[in-house]
Amino acid sequence: MSAYAAPVQDLIDELGRLPGIGPKSAQRIAYHLLKLSRDDALRLAHAIVEVKDRVAFCRRCFNVAEGDECGYCADPRRDPTVVCVVEEPRDIVAVERTGEFHGRYHVLQGAISPMDGIGPDQLKVKELLARIEPEGVQEVILCTNPNIEGEATAMYLSRLLKPVGVRVTRIASGLPVGGDLEYADELTLGRALEGRRVLDGD
Amino acid sequence: MSLYRDEGVVLRTWKLGEADRIVVIFTKGHGKVRAVAKGVRKTRSKFGARLEPTSHVALQFYEGRELDIVTQAESIDQYPALREDFDRLGRAVTMLEAVDQLAQDREPNPAVLRMLVGALATLAADDSPLVVPAFFLKLLALEGFRPEVDTCVACGAEVDLVAFDIDSGGVLCRACRRGQALTPDALALLQRVLGGGLAAALREPPSAATHDVDVLATRAMEHHLERRLRSVSVMDHA
Ligand SMILES: [Zn+2]
Ligand SMILES: [Zn+2]
């Protein structure tokens, strides 16, 4: 038996599934939402529905997009032969800030995390592989986070992509290990991109 | 408010809020501890790499009401070899997952920590196929669930042992056999791992027998935990 009324428990459960929200925070947010006026609550609900209806993922690179394709994929000035692989759409913002990259992107929508049951099948890996040949991709830059999941993902992708005959590079060390890419300043990330090295893929 | 120091291995982490992480550490003196590492996802964080899974660290905690807070972290060993090899990292994570499932919050078990540190160091030094299965079997023994590998669990026979049954907790002779078939080579490896011949067994190159022992030890561990190890199926498909 739950200690809460069923609708409150449902809300706590849903909030608890969001990233970075533990059971205690879910409880706190749920009680905050309970106290909202009906108008405020509807505005929040509407914003969630709007974003689901109007914004989807780019069918090519899985970045957020307002149409079928995101702005980068639709832009003819972007170099299609170089693809920068990132974990999340917000990492694209970090790479763009450097002004060093003019190719296209591929968003994995996560990183390999075996303990969480997240392997290549749960990520947009097959979709990346499927782009190489038709889009004439010559270089894949692995721009996953410099932490253990990001490194594991880079090692896996490098092993997978090598036999395809594409040049596989990894952003250079110098990025603080354990940190998130989105917090890297543009100078550091720019240097890491410029100093990227070819991986041997074993 | 109080501070305490301990050492341990980081089992797993997850993101908390904008730049923090919750870190689950298996410590020597306090068992499994969940603590907040503030700001570690910012690039200028002083802890960064020291608080990633597999790291062996010396820590200072501030005791909080719900979660403790990591106030200092010094690296004891980072096992860089594990982080440069996808398969080895996957196997290290499998051991971390088993310890995470087995360990209780705030219940110290220094023997398990010692074994985990030993197994990580062994795996980092040399990619032996038996590190993980040996770790699982030894862990089961430590928990009081050592599989019987010397005599038939049904009749006590010492020869013609041809099967292993997880529910019965050990090997069986031809007359009593149930469970899964066991080759003489795999039986010999099991006996060496659990019978004082571990160091030599760890030097075995990969073979059908090491693979059998791996599968069997993983199943025995999962049976004991009463759940599947997620990292095993992820790594099997990768
Ligand atoms: Zn796109
Ligand atoms: Zn028997």
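This passage walks through the predicted model, from the overall build of chain A to the barrel of chain B, the nonpolar core and the contact between the chains.

Chain A is a good place to start. Its secondary structure consists of eight helices and seven strands, and its C-alpha atoms fill a box of roughly 60 × 35 × 30 Å along the principal axes. Of the 202 residues in chain A, 35% are buried. Contacts in this chain often link distant parts of the sequence: among those between residues at least 6 apart, 57% join residues at least 24 apart.

Helix 3 of chain A, residues 38-54, gives a handy check on geometry. Its 17 residues should span 24 Å at 1.5 Å a residue, and the end C-alpha atoms are indeed 24 Å apart, so expectation and model agree. The number of buried residues in helix 3 of chain A is zero, so this helix lies largely in the open. Arg54(A) belongs to the same helix. With 9 other C-beta atoms within 10 Å, Arg54(A) falls in the exposed class because the limit for that class is 12 or fewer. Between Arg54(A) and Gly67(A) there are 8.2 Å from C-alpha to C-alpha, at a separation of 13 residues in sequence.

Towards the other end of chain A, Leu199(A) sits in the segment after strand 7 (197-198). Leu199(A) has 19 other C-beta atoms within 10 Å and is therefore partly exposed, since a buried residue needs 20 or more. Beyond its neighbours within four places in sequence, Leu199(A) is in contact with Ser158(A), Val168(A), Thr169(A) and Arg170(A). By comparison, Asp53(A) is 146 residues away from Leu199(A) in sequence and 40 Å away in space, C-alpha to C-alpha.

Turning to chain B, five strands close into a barrel in the order 1-2-3-5-4, with mixed pairing. From one strand to the next, the twist averages 50°. Strand 1 (residues 3-16) and strand 2 (residues 20-27) of chain B run antiparallel and are joined by eight bridges. Within this pairing, Val9(B) has Phe26(B) of strand 2 as its bridge partner. Two helices of chain B pack on the sheet. Helix 2 (residues 86-102) touches strand 1 and strand 2, and its direction makes about 110° with that of strand 1. Helix 3 (residues 110-125) of chain B touches strand 1, strand 2 and strand 4 (56-62), with an angle of about 60° to the direction of strand 1.

What lies inside? In soluble globular proteins, nonpolar side chains tend to be buried together. The largest nonpolar core of the model holds 113 residues, and the members touching the most others are Val85(A), Ile25(B), Val70(B), Phe136(B) and Val171(B). The surroundings of Val70(B) can be listed in full once its neighbours within four places in sequence are set aside: Val23(B), Ala35(B), Val36(B), Ala37(B), Phe47(B), Leu51(B), Leu59(B) and Phe61(B).

Finally, the two chains meet in a contact that takes 25 residues from chain A and 29 residues from chain B. On the chain A side, helix 7 (residues 148-161) gives the most, with six residues. The residues on that side comprise 12 nonpolar, seven polar and six charged.

Definitions and conventions
Residues numbered from 1 in each chain as written. Chains lettered and ligands numbered in written order. Predicted model: local features only at pLDDT ≥ 70, side-chain atom pairs only at ≥ 80, totals over all residues. Core = buried A, V, L, I, M, F, W, Y, C linked by C-beta atoms within 7 Å. Contact = placed C-beta atoms within 7 Å. Helix = DSSP H or I, 4+ residues; strand = E, 2+ residues; numbered from the N terminus. Nonpolar A, V, L, I, M, F, W, Y, C, P; charged D, E, K, R; others polar. Expected span 1.5 Å × (residues − 1). Pairing = 2+ DSSP bridges. Axes fitted to C-alpha atoms, helices over the stretch in contact; angles between N-to-C directions.
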